[in-house]
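Welcome! Have a look at the sequence and the structure below, and then work through the exercises at your own pace.

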Amino acid sequence: MPAGTDGLSVRESARQERPPGTAPALGATVRVRTQLCLAWQGSFCTTCVERCPTEGAILVESGRPRVVPERCDGCGTCVRVCPAPLNAFELRPAGAPGATS
């Protein structure tokens, strides 16, 4: 059954079919704007890591999130769930200057 006809979106189908340890090229990448991130400002926050559907795409190091560009598929979940007053994540086109975290 083709993607989208069995109740799965094309993105969900691609995520299920990709080899472990690889992220599909969705044409976007995410970076953490550290000056806006609650965790980078000393508060406890792991919302982005907890809600990210791609295992290993966001790591917490010393209590602070870091996006792993090779794992991030650009789905934007972290952008949608970030609780910071001004969103700490920036969704950027792949290949844009500064597009890595």
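pLDDT is the predictor's confidence in each residue, on a scale from 0 to 100, and a contact means heavy atoms within 4.5 Å. This is a predicted model, in which local features need pLDDT of at least 70 and side-chain atom pairs count only at pLDDT 80 or more, while totals for chains, interfaces and linings use all residues. Residues are numbered from 1 along each chain as its sequence is written, and side-chain values use heavy atoms, with hydrogens and water left out.

**Exercise 1. Find where the pLDDT is under 50 over residues 8-24 and state how many contacts the model has there.**

Step 1. Begin with the whole chain: its mean pLDDT is 78, and 66% of its residues reach 70 or more.
Step 2. Go to the start of the chain, where residues 1-6 have a pLDDT below 50 and the model has five contacts beyond near neighbours in sequence.
Step 3. Move on to residues 8-24, where pLDDT also stays under 50. For this stretch the model has 26 contacts beyond four places in sequence.

**Exercise 2. Work out why Cys75 forms no bond with Cys52.**

Step 1. Recall the cut-off: a disulfide is a pair of cysteine sulfur atoms within 2.5 Å.
Step 2. Count the disulfides, and you get zero in the structure. Cys52 is in none, and its nearest cysteine sulfur is that of Cys75.
Step 3. The sulfur of Cys75 has its closest cysteine sulfur, in Cys52, at 5.7 Å, so the two are too far apart for a bond.
Step 4. Add the surroundings, using relative accessible area (buried is under 20%, exposed over 50%, partly exposed in between, with a 1.4 Å probe and protein chains only). Cys75 is buried at 16%, whereas Cys52 is partly exposed at 22%.

**Exercise 3. Trace the salt bridges of the structure and say which residues are linked in a network.**

Step 1. Start with the idea: side chains of opposite charge can pair when their charged atoms come close. The cut-off for a salt bridge is a side-chain nitrogen of Lys or Arg within 4 Å of a carboxyl oxygen of Asp or Glu.
Step 2. A search of the whole structure gives three of them. One joins Glu61 and Arg66 at 3.0 Å, N to O; Glu61 is partly exposed at 39%, and Arg66 is partly exposed at 32%.
Step 3. Another joins Arg31 and Glu90 at 2.7 Å, N to O. This pair links distant parts of the chain, with Arg31 in strand E1 and Glu90 in strand E4 (residues 89-93), 59 residues apart. Strands here are DSSP runs of at least two residues (E), and helices are runs of at least four (H or I), numbered from the N terminus.
Step 4. Glu90 also forms a salt bridge with Arg92, their closest N and O atoms being 3.5 Å apart. Arg92 counts as buried, at 17% relative accessibility.
Step 5. Put the pieces together: Arg31, Glu90 and Arg92 are linked in a network of salt bridges.

**Exercise 4. Describe how E1 and E4 run and how many bridges join them.**

Step 1. Two strands pair if DSSP finds at least two bridges between them.
Step 2. E1 and E4 run antiparallel and are joined by five bridges. Thr29, for instance, has Arg92 in E4 as its bridge partner.
Step 3. Four of the five residues of E1 are buried, so this strand is largely enclosed by the rest of the structure.
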